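Reader: Please take a close look at one part of this model, and set it in the context of the whole. I would like the cut-offs behind each term as you go.

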Amino acid sequence: MYEGQALYHPKGWWGRYVFSQDHKVIALQYICVALAIGLTGMFLSLLMRMQLGFPGLFESIDAGNYYQDVTMHGMIMVIYLLTALFLGGFGNYLIPLMLGSRDMAFPFVNMLSFWVYFLSVIILVCSFFVESGPTGAGWTLYPPQSILPGTPGADGAGILLMLGSLAVFIIAFTMGGLNYITTVLQSRAKGMNMMRMPLIIWCLFLATFLGLLAFPALLVGAIMLIFDRVLETSFFMPEIFKGGEVLNYGGGSPVLFQHLFWFFGHPEVYIIALPAFGIISELISCHARKNIFGYNMMVWALIAIAGIAFIVWAHHMYVAGMNPYLGFFFATTTLIIAIPTAIKVYNWVITLWNANIRMTVPMLYCLAFLITFLIGGLTGLFLGNVAVDVPLSDTYFVVGHFHMVMAVSPVLALYGGLYHWYPSVTGRMLDDRLGKIHFWITFVGTYLIYFPMHYIGFLGVPRRYYSNEQYDFIPESVNDLNQFITVCALIVGAAQFILLYNFIVSAVRGKEAGSNPWGACTLEWQTLESPPGHGNWGDKLPVVYRWPYDYGLPGATDDFVPQNIPDEQIT
Amino acid sequence: MAFAIVATIIVIGTVLWNAVTPWWFTPLASNWGAFDQTIIISLWVTGVAFVLVSGFIIYCVIKFPYREGHKSEYEPENTKLELWLTVITTIGVLVLLAPGLIAWNDYVALPDEGIEVEGVGQQWVWSYRFPGEDGVYGNTSGRLFSSKNTFGLDPNDPNSLDDILIRSAEVHLPINENVIMQLRSKDVLHDFYIPQFRAKMDLVPGQHTNLWFEPTLLGTYEVACAEYCGTGHFAMRGLITVDTKEDFQVWLEKQPTFAQTLNEGVEGSGKQIAQTLGCVACHSDNGVNGIGPTWKDSFGSTRELASGEIVLVDETYIKESIVNPTAKIASGYAPIMPAYATLSDEELDAIADYIKTLSN
């Protein structure tokens, strides 16, 4: 939209709040739906923990619905919560605002993206209510078991609804994703060249790129699997003897599905991790009142991570029956990706050096993210290193590792981001005291949940076991540890309602935030009205004069200089 | 300050934990000590990195708290420092990668000499096959599986008749000899995993995979399935007994060849059929209810169904429940049993007879 053109504004309540084409409203819609389904996912994890910590206490948890909980928990958290919330929520809200544009490049498609996402969530939820329930195939949905009797939901509609929901989700993601890419490339304010973009925009941009290239692999995998299940094709189905008879399949390869799944699945880890990296980069610089260290290196590290992310997928398959010599290649690429990732961590912590650190709630989340991500990233060096993976693969070490690195870390970044940008959305601050209580329980609690799991993994306890009872090599003490973990999980789970309460109450009663409560340099805090209205910038689009991290700039009056302030106005 | 204190406790606790944790590797019983050593190297390298980086964070938090009116140092780039950090990280990564790749190289290269044994997985039991006197496995095919020929062996292949079949979840192996395993699945993915051996490999239907190890300690070890394979995954337990060479030979000679199993009659073979079809993974013979109700003392008892109806467990009920399991679901159990619709009447009789013998 060029300057001076009359802005189109929606008329009426429906156009403004429901079928809205405003990126900020769409972002909120994404965030609310994702948090709602995320709470469901958390509830399922608590059911799992009850079975593991107190087996037999709830008689209604049998092996079948235990595996259904496991599966739906994983899928909901990875796809419907984190992917949707980071890209649909943060991506939608921040990309146009931080780039100084009025909206996404294609607002109508953007609206459709949300409603199609909403449809995919509805389909997913439906599977809880069909006969024989949702699929219990594990979130990886490996055939043949995912579509054969013997796995919950395989002979009913459960697995089909899961695959269908994924396909619909991917359509939604593609519509959103094309929007984000186009907006970043085409709708930047004057002066906002690529190397002046906030790092979070780089992260969202690259994560979207990953998604657009990776999700198609999952889409074809899902469609082929639906064909195998419904039309009895044999893409992934070899000759199978089951239930006393030879099934009507033959010639397919189960390993092929795993390649398709992980060709999507590994970049997916970075689709979640990169936005988290972005949030941390923004927050740490702003709340430490210090310029981010090594911006150029950070951008190149991100590009390297995004590129290498596509050639590491088979490290999920070292013992899956692929040609074992591929292990040499994938172990090497996997450990190489640790180098740019380490650079990111170094640059965050060096940003703290000689800084002026404000211990705000977002800053606490940043620091907690660094510690948690450090543990999660370093344990990745174990599993990526092919020989070490042999004893540890499919044990609780893996569960501990991936929860630290791609569950707790992103969620800590996510919470930090929510506390940081809440004032931009509502015009009010979240309650600081409640925020700190929520922070401490979440940070310490999740550490106590996942850290011990690594050692149950050293012991060799396999994951996805409904019960350990009959194994002599698993000592009784593992059950005690499991009890402890379950108690921690219940406390952390309950603590999330503090956040929810804070969210709702602060929207009405929170302290007025003013236009730029954190003293941030990025454009989303420099709008004419705050919270920003439709079209974001009133009549005049912002012009960008500097990079987004001029905190502590020598010679300036304040300890920060926003991006839209020209040099002659800094004193 | 609170953060500095809590983070310090976490870092120190994390390090100390490694010294005091009671949850650690099971005692090693195979040649794969190299895996343990690589883990130990990894713990040291990553531990040092963790302490250094966390320590730096804690130091900064203590040293540079917010001071009103103060400005932080402005330093956007320091190429030399970044270069150094990249080099050090690369060295750390190489220190980890090298022993890992060396150990992997040993793991994937099968030895020339050793005992050959095939592990076969199905939901949710293990069975095994030795190649027999000729040392060559007979041909198998997915099309040849039947409740009679549970290994899918080709009876017309001269190599198959002397194959030794272990139709139970327990197998014996000799100590201090290379064991070269070929792995095969009949239905879905499984994973053959012995925690004390540190060895693990998926079983993939439609193809063979390989695994090798050398047992170094006498004893009985558990095989755990480590790839999710359906509702009974956690119950897919096997046993490996490591014998002296002499004991192993004595045991092996007692096991039937394929030719011998072909001549077995159906009558009285209920226990064997229940074993080879995998019934025992869910239905125990010792009174413990598993994924399905136990068979012990079930015959002649009454059973409450999910519908609330009460039925008598008799021959008709048992046979119906095998052929069409979802017709009458026992209360408290998930309706997940696959239908065994192709069993012959004789085979159904044999299983029912066997269940009868478990009741007094």
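**From the chains to one strand**

Author: In chain A, 63% of the 571 residues count as buried, that is, 20 or more other C-beta atoms lie within 10 Å of the residue's own (exposed means 12 or fewer, partly exposed in between, with C-beta atoms placed from the backbone). The model is predicted, so local features need pLDDT of at least 70 and side-chain atom pairs count only at pLDDT 80 or more, while totals for chains, interfaces and linings use all residues. Residues are numbered from 1 along each chain as its sequence is written, and chains are lettered from A, ligands numbered from 1, in the order in which they are written.

Chain A contains 14 helices and two strands (DSSP runs numbered from the N terminus: H or I of at least four residues for helices, E of at least two for strands). Its radius of gyration is 24 Å, close to the 25 Å from the globule rule for 571 residues, so chain A is as compact as a globular protein of that length. The radius is taken over C-alpha atoms, and the rule is 2.2 Å times the number of residues to the power 0.38.

Chain B has eight helices and twelve strands. A compact globule of its 360 residues would have a radius of gyration near 21 Å, but chain B has 28 Å. Its C-alpha atoms fill a box of roughly 90 × 60 × 35 Å along the principal axes, and 41% of its residues are buried.

Between the chains, the contact takes 102 residues from chain A and 97 residues from chain B (residues are in contact if their C-beta atoms, placed from the backbone, lie within 7 Å). On the side of chain A, helix H9 (residues 326–351) gives the largest share, twelve residues. By class, that side has 67 nonpolar, 24 polar and eleven charged residues; Ala, Val, Leu, Ile, Met, Phe, Trp, Tyr, Cys and Pro count as nonpolar, Asp, Glu, Lys and Arg as charged, and the others, Gly among them, as polar.

An automatic or database assignment sets the domain bounds: chain B has domain 1 (2–64 + 78–108), domain 2 (115–262) and domain 3 (270–357). The C-alpha centres of domains 2 and 3 of chain B are separated by 27 Å. Their contact takes twelve residues from domain 2 and 15 residues from domain 3.

One open sheet of chain B has five strands in the order S3-S2-S1-S5-S8, with mixed pairing (two strands pair if DSSP finds at least two bridges between them). Its edge strands, each pairing on one side only, are S3 (164–166) and S8 (209–213). Strand S1 (residues 115–122) runs parallel to strand S5 (residues 179–185), joined by seven bridges; B:Val120 has B:Arg184 as its bridge partner.

The part for a close look is strand S10 of chain B, residues 237–243. In a regular strand the side chains alternate between the two faces of the sheet. In strand S10, the covered face holds B:Gly238, B:Ile240 and B:Val242, while B:Arg237, B:Leu239, B:Thr241 and B:Asp243 are on the uncovered face. Strand S4 (residues 170–174) of chain B pairs with S10 in the parallel sense over five bridges, and strand S9 (residues 219–225) of chain B is antiparallel to S10, with six bridges. B:Thr241 stands opposite B:His172 and opposite B:Thr220.

Conventions
Two residues are in contact if their C-beta atoms, placed from the backbone, lie within 7 Å.
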